[in-house]
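Biologist: Could you take a close look at one stretch of this structure for me, and then show me what goes on around it? I'm a bench person, so plain words are fine.

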Amino acid sequence: MALEKSVKETYYESIIKQGYSRRDFMKFATYIAAYMGLETSMIGQVAKSLENTFRIPVIWEHYQECTCCSESFIRSDHPIVSDIILDKISLDYTLTLMAASGHQAEAAKQATMEKYKGEYILCVEGSVPLGDDGNYCCIAGRSAKELLIEAAEGAKAIIAWGSCASNGCVQAAYPNPTQATPIHKIIKNKPIIRVPGCPPIGEVMAGIIVHMITFGRLPELDGLGRPKAFYSKRVHDSCYRRPYYDAGLFAETFDDQNAKDGYCLYKVGCRGPMTYNSCGTIKWNNGVSYPIQSGHGCIGCSEENFWDNGPFYERLTGLAGFGIESSADTIGKVAAGVVAGGLAVHAVAANISKRKELKSRTSRGIQNEKKLES
Amino acid sequence: MQTRKFRRVYVWELPVRFFHWINALSIIILAITGFIIANPPAILSNREASDIYWFGTVRFIHFATAYVFFFNMVMRIYWSFVGNRFSSWRAFWPFNKKMWHNFLHVIKVDVFLANEKKPDIKDISIGHNSVAAISYVILFLLALVQVFTGFGLYSSTASWWLPKMFAWVVPFLGGDFIVRTIHHTTTWLFILFTLIHVYLVFYHDWLEGRGEVSSMFGGYKFVCDERLKQLAEDEEIEAPVDEEAMEIIE
């Protein structure tokens with residue numbers, strides 16, 4: 001143990017070493033357990049796991065992305081998250097945060113991949129461009145696809161951070177010139193946690209990592225591979241403006257009195273009713289606010305294809321193949337008009353074409369009418 | 001001039017009529033509430049939001065009617081196995097020779113309005129014709145689309161296992177946005193169906209005069225004598241009893 005200590009440290013040892021007190025540590029355990037949606041009785045288990053578990057080696061790859069996921073993460077509410085769980089101590093390789101660069105950095109990654117084969121967690125930020133032999137994203141002279149396959153080989157699990165790695169995000173928006181591809185479409189043989197969002201919430205990211213440390217396995221995932229604890233409800237379902245929605249009070253434009261009164265942004269294109277995320281409960285920037293609270297509708301950044309789902313400020317959007325200006329309702333009205341017109345023409349034509357038949361039937365009916373007993 | 005005798009034939013059984021009108025009514029309610037949900041009218045009020053719940057009520061009506069629509073459809077599927085020949089599932093599977101012949105006849109005579117030199121009385125359908133049968137199969141598929149996308153959207157806020165069974169639809173299609181778009185667009189296909197359906201019912205009633213419209217209320221249609229087998233024996237028993245009601249002279 002003493003010999004190994006220089007290499008292997010528990011999370012608790014790292015935290016104490018960084019100058020945090022035991023009290024800080026317990027506060028962190030309580031805080032993160034609450035974000036993970038655990039009962040208070042589980043706080044002890046979280047603390048115990050952090051005390052006894054050796055840190056999990058983490059390789060954090062950056063491909064086609066803007067680093068907003070990392071930015072979100074290091075701005076997470078509690079300093080222990082950024083200082084210990086993933087930053088200075090745990091990250092064996094991350095382009096943006098590590099001190100080493102160039103050959104040193106690549107050597108560190110190689111060393112981790114060999115030493116902890118089958119043990120390390122691979123975090124991926126960004127999509128992988130497959131177009132033109134993957135030349136759109138190269139690190140150290142090698143394509144992102146090549147690097148991903150190599151790093152995924154020995155990984156215990158893969159976390160796809162953000163919409164880029166989960167869904168492709170803006171790079172994969174039409175016409176997707178680089179053929180940006182999310183991780184799960186390339187790597188099929190490893191457990192993948194998808195954490196969509198542009199960026200995902202820092203506390204959500206920390207919660208997932210701590211869950212893996214505490215319980216030694218992946219958090220419960222939904223059908224799309226997202227952690228249920230954070231992605232099982234729509235933003236709409238936890239929105240503080242929801243009562244205005246149920247009351248039918250909506251902002252009609254962004255500068256009307258309704259918007260000033262804080263009414264629901266449903267009619268100005270809010271994607272909250274179609275977006276699965278925990279912005280309404282966890283919020284952003286240390287729980288200060290989130291888009292809807294700031295008066296702007298949700299843009300649905302954690303949903304697939306959110307860039308291609310039409311203008312952010314319109315609820316009824318164009319249908320693919322019918323031009324950007326035509327909404328489903330416009331097409332429906334035109335189609336109904338055309339059908340109604342066609343039926344009117346048909347009705348007239350039927351009376352003309354079948355006039356003999358109709359005339360004879362009418363005259364027979366009149367004759368029969370005359371034969372009726374008085 | 002030829003004068004035909006018509007006989008009353010029980011075509012649409014009571015469950016079928018109930019299905020038809022419950023279905024029609026629920027489609028109307030679902031379409032209206034659906035369009036309100038998609039684009040709610042701007043109703044302003046001075047009252048506190050906590051005192052108002054009209055939009056929640058509209059959504060409740062939509063969801064409640066969706067269950068009526070769904071179980072009504074389940075009942076109709078059951079009836080297609082126990083009902084008469086006109087309501088049987090076989091009537092909706094127009095892939096035998098006889099029905100194919102009828103299909104072409106309807107396209108020719110009723111869609112393109114051609115006049116036949118020698119009209120064959122057997123070409124006039126007693127239940128629905130083969131083209132109509134196909135349109136109902138399409139309507140059934142559209143209804144399935146609405147059931148799957150509707151319950152899929154509803155599933156994440158549902159507490160009952162039935163809508164929860166459709167939770168896979170949303171990830172399968174790629175997210176709430178596309179599911180919602182499909183749900184909304186399909187509503188318009190229902191409207192187009194309704195336009196054509198209602199027109200054709202009036203068309204047949206107008207041109208054939210066999211009680212096409214009223215058949216969905218009373219269940220009877222009027223069918224030429226020649227179409228009935230063993231007419232002679234039946235007539236002795238039935239004719240004196242039902243003389244008034246059964247014999248309409250054209």
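Modeller: Let's begin with residues 21-40 of chain B, where the chain is 90% helix and 0% strand and the end C-alpha atoms are 27 Å apart. Keep in mind that this is a predicted model. The stretch is on the list because of its record: an unreviewed UniProt entry gives "transmembrane region" for residues 21-40, 52-75, 131-154 and 186-204 of chain B. For residues 52-75 of chain B, the helix share is 92%, strand is again 0%, and the end C-alpha atoms lie 36 Å apart.

Staying in chain B, have a look at helix α3, residues 97-111. This helix has 15 residues and reaches 20 Å from its first C-alpha to its last, close to the 21 Å expected at 1.5 Å a residue. Its buried residues are B:N102, B:H105, B:V106 and B:D110. A helix has 3.6 residues a turn, so residues three or four places apart point the same way. The buried residues of α3(B) pack against α4 of chain B, residues 130-155. After α3(B) comes B:L113, with a positive phi near 60°.

Now for the partner. In the contact between the chains, 40 residues of chain A meet 39 residues of chain B. On the chain A side, α11 (242-246), α14 (328-353) and α15 (355-371) each supply at least two residues. The most comes from α14(A), with ten residues. Sorted by class, that side of chain A has 19 nonpolar, nine polar and twelve charged residues.

Helix α14 of chain A is also where A:V345 sits. A:V345 counts as exposed because it has 10 C-beta neighbours inside 10 Å, the cut-off for exposed being 12 or fewer. From A:V345 to A:Y93 is 252 residues in sequence and 72 Å in space, C-alpha to C-alpha. The layout of chain A helps here: the chain is divided into domain 1 (4-230), domain 2 (235-294) and domain 3 (328-371). The centres of domain 1 and domain 3 of chain A, taken over C-alpha atoms, are separated by 69 Å.

What about the part ahead of α14? A:Y313 is found in the loop between α13 (279-282) and α14 of chain A. With 15 other C-beta atoms within 10 Å, A:Y313 is partly exposed. Leaving out residues up to four places away in sequence, A:Y313 touches A:V268 and A:G269. A:R271 is 42 residues from A:Y313 in sequence, and their C-alpha atoms are 9.2 Å apart in space.

That brings us to a site named in the record. UniProt, in an unreviewed entry, places "binding site" at A:H236, A:C239, A:C264 and A:C270. These four span 35 residues in sequence, yet no two of their C-alpha atoms are more than 11.4 Å apart, so they gather at one spot. A:H236 is in the loop between α10 (228-231) and α11 of chain A, and A:C239 lies in the loop between α10 and α11 of chain A too. A:H236 counts as buried because it has 24 C-beta neighbours inside 10 Å; A:C239 is buried as well, with 24 other C-beta atoms within 10 Å. Setting aside neighbours within four places in sequence, A:H236 is in contact with A:R242, A:G272 and A:P273. On that basis A:C239 touches A:G272, A:G280 and A:I292.

The site's residues also fall inside a recorded domain: for "domain: Cytochrome-c3 hydrogenase C-terminal", again an unreviewed entry, UniProt lists residues 231-312 of chain A. That span is 17% helix and 0% strand, and its end C-alpha atoms lie 21 Å apart.

Last stop, the interior. In soluble globular proteins, nonpolar side chains tend to be buried together. Here the largest nonpolar core has 85 residues, and A:L122, A:V124, A:I158 and A:A160 touch the most other members. Helix α9 of chain A, residues 202-215, gives the most to this core, with eight residues. The core draws at least three residues from each of domain 1 and domain 2 of chain A. As a sample of the packing, A:L122 touches A:I59, A:E61, A:A151, A:A152, A:A155 and A:I158, residues up to four places away in sequence not counted.

Note on methods: Residues numbered from 1 in each chain as written. Chains lettered and ligands numbered in written order. Predicted model: local features only at pLDDT ≥ 70, side-chain atom pairs only at ≥ 80, totals over all residues. Contact = placed C-beta atoms within 7 Å. Helix = DSSP H or I, 4+ residues; strand = E, 2+ residues; numbered from the N terminus. Nonpolar A, V, L, I, M, F, W, Y, C, P; charged D, E, K, R; others polar. Core = buried A, V, L, I, M, F, W, Y, C linked by C-beta atoms within 7 Å. Buried ≥ 20, exposed ≤ 12 C-beta atoms within 10 Å, placed from the backbone. Domains from an automatic or database assignment. UniProt positions renumbered as here; feature names shortened; annotations may be inferred. Expected span 1.5 Å × (residues − 1).
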